[in-house]
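Notebook open, structure loaded. I'm going through the fold first, then how the copies sit together.

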Number of protein chains: 2
Amino acid sequence: MKKLINIPNDVVDEMIDGYVKAHPKLVRKLNENKRSIVIASETRENKVGVLIGGGSGHEPAFMGYVGKGMADGVAVGNIFASPPPDPIVAATKAIDKGNGVVYIYGNYAGDLMNFGMAAELAELEEDIDIEFVVVNDDVASAPNNEKEKRRGIAGEFFVTKVAGAAAEKGYSLKEVAEVARQTNNVTRTMGVGLSPCYLPQTNEPSFTLENNEMEIGLGHHGEPGVEKGELQEADRVADRLVQDILNDITISKGNKVAVLVNGLGSTTKMELYIVFRRVEQILAEKSIEIYRSYVGNYSTSLEMGGCSVTLTKLDDELTELIDAEANCPMYAQL
Amino acid sequence: MKKLINIPNDVVDEMIDGYVKAHPKLVRKLNENKRSIVIASETRENKVGVLIGGGSGHEPAFMGYVGKGMADGVAVGNIFASPPPDPIVAATKAIDKGNGVVYIYGNYAGDLMNFGMAAELAELEEDIDIEFVVVNDDVASAPNNEKEKRRGIAGEFFVTKVAGAAAEKGYSLKEVAEVARQTNNVTRTMGVGLSPCYLPQTNEPSFTLENNEMEIGLGHHGEPGVEKGELQEADRVADRLVQDILNDITISKGNKVAVLVNGLGSTTKMELYIVFRRVEQILAEKSIEIYRSYVGNYSTSLEMGGCSVTLTKLDDELTELIDAEANCPMYAQL
């Protein structure tokens, strides 16, 4: 796989350099740690801080989600690897204004350990209160009765959006964490992989599939899915993804949802809109209202081919928070 | 190339279906023509209309640029093919409020012919005044003394942004066209191709390159570039692209520019930010101020690999118009 990079080991730091240079009015890198990025302005006094983080390679997740009404900061790990505690602690100290910080991250062993250690350090060193929100929206990664084993994928976008809006509206630390957890509870994602990505350091494919094969439920780092089979028409793929979600969570007639059709990297917007078209048809047939739609690359796996569908069931509170104004480099103003 | 599609001949219509269903508050399809998309609300009385268009396969260009402060409408062609006159005429009639319509499109034979014919029909049938703005920002596609032969590529984003803002501010038909042409005059793009795209109907690659080869100046539809050679480090590629631009237009110390590092489809945001990092270094060394930066997929060629760099030299008027508020599905609110 040909890549526009310099030295493979420098890709993350160079990406961050370019990122903060490209969006100086929105974000800045901390002097204390080159893997900590926070909003350009100071976090507002009396506002709860929202901190996200995870491995690189999922851009625009997670650093693209930093901004007003979204996250206050992000800790950036190596490609597909959790950030160590240091950048998490540095960002925590930078965004805490005495009201505590909510950590939002995916349900992966490395993230659980490192965010946990960072919280202990932040509490020990500066008496900062931390709440944890662990995202586990990936239906394919474990059965319904073992939800605590499920991984976090594209649904983290909605959880971050809600938490950021809640913090901006003046929710307390526990309230922000609570509504973020509630968002995770009503969010489900199912994905399909068509082609692998290649890590810059090794240039090896993250998985292998035959020329006309797809894999349902493939993980964001190439973790095995639930079923390999012949590539089907987009409508049949969408049918499967939505059905797996609706088998897992009760969303029925009259309910309202936010929908995200997310590209994994190299899948075109044309394809994503074709998938969305079918998702809309299925939900319309069931009289489920799509309140807001998002179609594009929100959480990728480098240049992996494929997509995921995320549904978040909205109540009045989540609707208001999803609607709240926000701005971040992912959506830099025109 | 595996694709998430249904029947290959239906991809454009199905994409449009999904698109208008995904963004109903922002855009709508005309009943008169299924390839005409306009803003959801009516174009404001006394505002000049801005109409864009071109082949599909460049998403989010061009339909992602329709919205308040951007274009009022778009005519959508087949993949890599100009829209015929009909959808152009239908959109023209829908967005004209008696103040005329500016057509913005790339410098391709099909577009020149079809937008020209559409203008004649619109003038004949409903006495609508039309102005043409032909974008030709691609430095690689012809030498400096034959600029009229150059193709339009990613720079069309800036031309559309400026025209949309000017129309919103109440500029007259001739004034909108003039400032859009002025934007085109100070906009230059250079691209590099790494890997081809595959048309859904044929599944054939748009061009071929060796395993470790890149092509400088490759066109958005696979038109031959100016030089093939071994893939170089991102910094050297950026050096080359920026140098070719600065050899073509005088941008010097103290000047202000807008920069777009555009992905062609399958190139990761990580790589685009690494390229931007070097572009920023080069311009900083020359004391050229980056006023605004855009990094991402603004004008693609399906899943082509590679990127382009666009510089637009800003005066006070263009700065104000680039800064003006805008909203469109490409930047649907969070």
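What covers the buried residues of α6(B)? I'm working on a predicted model here, so I keep that in mind throughout. I looked up the cover and found that it includes β7 (187–195), β8 (213–216), α7 (269–285) and β12 (305–314) of chain B.

Next I listed the residues being covered. The buried ones in α6(B) are A234(B), D235(B), V237(B), A238(B), L241(B), V242(B), D244(B), I245(B) and L246(B). The spacing made me recall that an α-helix has 3.6 residues a turn, so residues three or four places apart point the same way. V237(B) and L241(B) are both on the buried list, and so are V242(B) and L246(B).

I also checked the length of this helix. α6 of chain B has 13 residues (234–246), so at 1.5 Å a residue I'd expect a span of 18 Å, and the end C-alpha atoms are indeed 18 Å apart.

**Sheet**

Three of those covering strands, β7, β8 and β12 of chain B, turned up again when I traced the sheet. I read an open sheet of six strands with mixed pairing, in the order β9-β8-β7-β12-β10-β11 (chain B). At the edges I find β9 (227–230) and β11 (289–296) of chain B, each pairing on one side only. On average, neighbouring strands here are turned by 15° against each other, ignoring direction.

I zoomed in on one pair. β7(B) and β8(B) run antiparallel and are joined by two bridges. For V192(B), the bridge partner in β8(B) is I216(B).

Then I looked at another helix on this sheet. α8 of chain B (residues 316–323) lies across β10 (256–263), β11 and β12 of chain B, and I get about 35° between α8 and β11(B).

**Whole chain**

I switched to chain A for the totals. I count eight helices and twelve strands in chain A. Its C-alpha trace spans about 55 × 50 × 40 Å along the principal axes. A compact globule of 334 residues would have a radius of gyration near 20 Å, and chain A has 19 Å, so the two agree. I also noted that 66% of the residues of chain A count as buried. Of the contacts in chain A with a separation of 6 or more, 73% are between residues 24 or more positions apart.

**Two copies**

How is chain A superposed on chain B? I get a rotation of 180° with 0.0 Å of shift along the axis, at RMSD 0.0 Å. That is the relation of a two-fold axis. In chain A, S266(A) comes closest to the rotation axis, with its C-alpha at 2.0 Å. Last, I compared interfaces: 100% of the interface residues of chain A are also interface residues in chain B, so the copies meet through the same surface.

Notes: Residues numbered from 1 in each chain as written. Chains lettered and ligands numbered in written order. Predicted model: local features only at pLDDT ≥ 70, side-chain atom pairs only at ≥ 80, totals over all residues. Heavy atoms only, no water. Helix = DSSP H or I, 4+ residues; strand = E, 2+ residues; numbered from the N terminus. Expected span 1.5 Å × (residues − 1). Buried < 20%, exposed > 50% of the residue type's maximum accessible area, 1.4 Å probe, protein only. Contact = heavy atoms within 4.5 Å. Pairing = 2+ DSSP bridges. Axes fitted to C-alpha atoms, helices over the stretch in contact; angles between N-to-C directions. Least-squares fit on C-alpha atoms with pLDDT ≥ 70 in both. Rg over C-alpha atoms; globule rule 2.2 N^0.38 Å.
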